[in-house]
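Biologist: I would like to learn how to read a model of this kind. Could we take it feature by feature?

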Amino acid sequence: MTTILQRAADRGECTLAGLSPRVIALPVTLIRYEALLTSEPVPDSTLTEIVDDIFLPCWPPRPTASTPADRQAASPVQPARSPGAGGSRSSRVTSSATRGAG
């Protein structure tokens with residue numbers, strides 16, 4: 001795992017600063033535990049859960065951009081929503097609540 005993360009850091013995709021050796025070893029440890037516990041191949045859904053729900057939240061936050069231009073460049077592009085697309089939150093909640101009542 002250390003090699004994978006070091007290569008990602010070398011490419012500029014992440015930083016290893018602030019990660020303890022225990023956090024770095026966490027995904028492999030959990031995968032090993034799953035494999036030993038079940039004696040089966042670890043399903044993709046479990047791998048995704050280990051990475052997305054357990055490992056990535058342990059990652060230190062990325063440094064924030066210092067200028068407005070940097071912040072704009074760093075933020076993902078959000079598609080514009082038209083007023084009629086999807087309705088308001090309250091109308092979605094109401095319509096989903098009424099679907100179940102029946």
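The dialogue below goes through confidence, helices, one cysteine and an aromatic pair.

Biologist: Where should I start, and what is the average pLDDT of the protein?

Modeller: Start with confidence, since this is a predicted model. Where pLDDT is low, the predicted coordinates should not be read in detail. Here the protein averages a pLDDT of 74, and 60% of the residues score at least 70. Over residues 85–102 the pLDDT falls below 50, and this stretch has 5 contacts in the model beyond near neighbours in sequence.

Biologist: Which residues of helix α3 are buried?

Modeller: The general idea is that an α-helix has 3.6 residues a turn, so residues three or four places apart point the same way. In α3, which spans residues 44–55, the buried residues are T46, I50 and F55. They lie on the same side of α3 because they cover an arc of only 85 degrees around the axis. The face turned away from that buried side carries the exposed residues D44, S45 and D53.

Biologist: What do the buried residues of α3 pack against?

Modeller: They pack against α1 (2–10) and α2 (21–38). The buried residues of α2, in turn, pack against α1 and α3. In α2, V23, I24 and P27 are buried.

Biologist: Where is the kink in α2 centred?

Modeller: On P27, with a bend of about 40 degrees. Look at the end-to-end span as well: α2 has 18 residues and reaches 26 Å from its first C-alpha to its last, close to the 26 Å expected at 1.5 Å a residue. Just after α2, S39 takes a positive phi of about 55 degrees.

Biologist: Is C58 buried, partly exposed or exposed, and why?

Modeller: C58 counts as partly exposed because its relative accessibility is 36%, and the partly exposed class runs between 20% and 50%. This cysteine is found in the loop between α3 and α4 (68–74). Leaving aside neighbours within four places in sequence, C58 is in contact with L19, V23 and L26. The C-alpha atoms of C58 and I24 are separated by 9.4 Å, with the two residues 34 apart along the chain.

Biologist: How many aromatic pairs are there?

Modeller: A pair of aromatic rings is described by the distance of the centres and the angle of the planes. The count here is 1 aromatic pair. F55 and W59 form it, at 5.3 Å centre to centre and 85 degrees between the planes, which is edge-to-face. Both F55 and W59 are buried.

Note on methods: Residues are numbered from 1 along each chain as its sequence is written. This is a predicted model: local features need pLDDT of at least 70, side-chain atom pairs count only at pLDDT 80 or more; totals for chains, interfaces and linings use all residues. Side-chain values use heavy atoms; hydrogens and water are left out. pLDDT is the predictor's confidence in each residue, from 0 to 100. Contact means heavy atoms within 4.5 Å. Rings of Phe, Tyr and Trp (its six-membered ring) pair if their centres lie within 6.5 Å; planes under 30 degrees apart count as stacked, over 60 as edge-to-face and the rest as tilted. Buried means under 20% relative accessible area, exposed over 50%, partly exposed in between (1.4 Å probe, protein chains only). Helices (H or I, at least four residues) and strands (E, at least two) are DSSP runs, numbered from the N terminus. The arc is that of the directions from the helix axis to the C-beta atoms. The expected span of a helix is 1.5 Å times one less than its number of residues. The bend at a residue is the angle between axes fitted to the seven residues ending there and the seven starting there.
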